[in-house]
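User: I would like to go through this model with you one question at a time, beginning with the environment of a single residue and then widening the view.

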Amino acid sequence: MRLSNLADYAVVLMSAAARQCGSVPIHAGMLAEQTGIPGPTAQKLVSGLARAGLLVASRGSGGGVRLARPAAAISVADIIEAVEGPIALTSCVSEGRHDCSLEGSCKVQPHWGVVNGAVRGALAQISLASLSVTPRKSNPFVSSEVETLLGSAPTTGLSTSLEANGILL
C-alpha cells in the first residue's frame, strides 16, 4: 500500500500549517515555499482541505488559511480521506462496487472491512500535532519496546546515569 503523492503532500502541507500554531493565517504560496511543494499543487491542496473542513480560509488583508481545529484534533486519516476519499485497501468493500472477478467465490472479501478498519484506526491515532514536532532521537541500541517501558518508568537516579552514557529518556 502506498499513498498518492497528493495525499503525502497534503500531510506535509498540513504539518507546516500546524507549526504556525494557528496564530496567523498563512498563504498557500508561503506553505509551498516552506515545504517545497509546487505552488499550484499547494493551492489545489489548500482548496481541497478547506472544502473538507480541515482548513479555514479568510480573505482580505491579513487573510490566508489556518487549521479549522487544533492540530491534536486532526488525524492523518482525516487528511488522507480529505484528498483520497475513504481509506480502503480493496475496492470490494466499497458500497456499490461489483468489479471483482472473484466476487461470489472469495472467502476473504467478508474480512476486508476489518482490515480496512484496522488501517484507518491506526492512522486515526496519529495526530497532526505529533507530526508537527521534531521527533526525539532514539537510541539505535535500545528497542522501541524498551524505550516505551523506560519512558513510563520512574527514572529518578536512573536517568542521570543513562544520560551520562548518551542515552536520552
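User: Which residues does Ser75 touch, not counting residues up to four places away in sequence?
Analyst: This is a predicted model, and within it Ser75 sits in the loop between β2 and α4. With residues up to four places away in sequence set aside, the residues that Ser75 touches are Leu123, Ala124, Ile126 and Ser127.

User: Is Ser75 buried or exposed, and at what relative accessible area?
Analyst: The residue belongs to the loop between β2 and α4, and the cut-off for a buried residue is a relative accessible area under 20%. Ser75 falls under that cut-off and is therefore buried, its relative accessible area being 8%.

User: Which residues of α4 are buried, and how wide an arc do they cover around the axis?
Analyst: The buried residues of α4 are Val76, Ala77, Ile79 and Ile80. Taken around the axis, they lie on the same side of α4, because the arc they cover is only 160 degrees.

User: What covers the buried residues of α4?
Analyst: The buried residues in question are Val76, Ala77, Ile79 and Ile80. The elements that cover them include α1, α3, α5 and α6 (128–131).

User: At what angle do the axes of α4 and α5 cross, and which residues make the contact?
Analyst: The axes of α4 and α5 come within 6 Å, and they cross at roughly 115 degrees. On the α5 side the contact is made by Arg120, Leu123 and Ala124, while on the α4 side it is made by Val76, Ala77, Asp78, Ile80 and Glu81.

User: How many residues of the contact of α4 with α5 are nonpolar, polar and charged?
Analyst: The residues to be sorted come from both helices, with Asp78 and Glu81 among those of α4 and Arg120 among those of α5. Divided by class, the contact of α4 with α5 has no polar residues, three charged and five nonpolar.

User: How does Asp78 count by relative accessibility, and which residues does it touch beyond four places in sequence?
Analyst: Asp78 is part of helix α4, and its relative accessibility of 22% is why it counts as partly exposed. Its C-alpha atom is 9.7 Å from that of Leu49, although the two are 29 residues apart along the chain. Leaving out residues up to four places away in sequence, Asp78 touches Leu54, Arg69, Ala73 and Arg120.

User: Where does Ile87 lie, and what is its relative accessible area?
Analyst: Ile87 lies in the loop between α4 (76–84) and α5 (112–124). Not counting residues up to four places away in sequence, it touches Ala77, Ile80, Glu81, Asn116, Val119, Arg120 and Leu123, and from Ala77, 10 residues away in sequence, it is 7.8 Å distant, C-alpha to C-alpha. Ile87 is buried, at a relative accessible area of 15%.

User: Is Pro110 buried or exposed?
Analyst: Pro110 is found in the loop between α4 and α5, and its C-alpha atom is separated by 9.3 Å from that of Cys92, 18 residues apart along the chain. The cut-off for an exposed residue is over 50%. At a relative accessible area of 57%, Pro110 is therefore exposed.

User: How are α1 and α2 oriented to each other, parallel or perpendicular?
Analyst: Helix α1 (residues 5–19) packs with helix α2 (residues 28–35) at an angle of about 105 degrees, and their axes are 10 Å apart. Val12, Leu13, Ala16 and Ala17 of α1 make the contact together with Leu31, Gln34 and Thr35 of α2, and by class these are five nonpolar, two polar and no charged residues. The orientation of α1 and α2 is therefore roughly perpendicular.

User: Why do the buried residues of α2 line one face of the helix, and within what arc do they fall?
Analyst: The residues buried in α2 are Ala28, Leu31 and Ala32, and what covers them includes α1, α3 (39–51) and β2 (64–67). An α-helix has 3.6 residues a turn, so residues three or four places apart point the same way. The buried residues of α2 line one face because, seen down the axis, they fall within an arc of 100 degrees.

User: What phi does Gly85 take just after α4?
Analyst: Just after α2, Gly36 takes a positive phi of about 85 degrees. For Gly85, just after α4, the phi is also positive, at about 90 degrees.

How values were computed
Residues numbered from 1 in each chain as written. Predicted model: local features only at pLDDT ≥ 70, side-chain atom pairs only at ≥ 80, totals over all residues. Heavy atoms only, no water. Axes fitted to C-alpha atoms, helices over the stretch in contact; angles between N-to-C directions. Helix = DSSP H or I, 4+ residues; strand = E, 2+ residues; numbered from the N terminus. Parallel < 35°, antiparallel > 145°, perpendicular 65-115°, else oblique. Contact = heavy atoms within 4.5 Å. Nonpolar A, V, L, I, M, F, W, Y, C, P; charged D, E, K, R; others polar. Buried < 20%, exposed > 50% of the residue type's maximum accessible area, 1.4 Å probe, protein only. Arc of directions from axis to C-beta.
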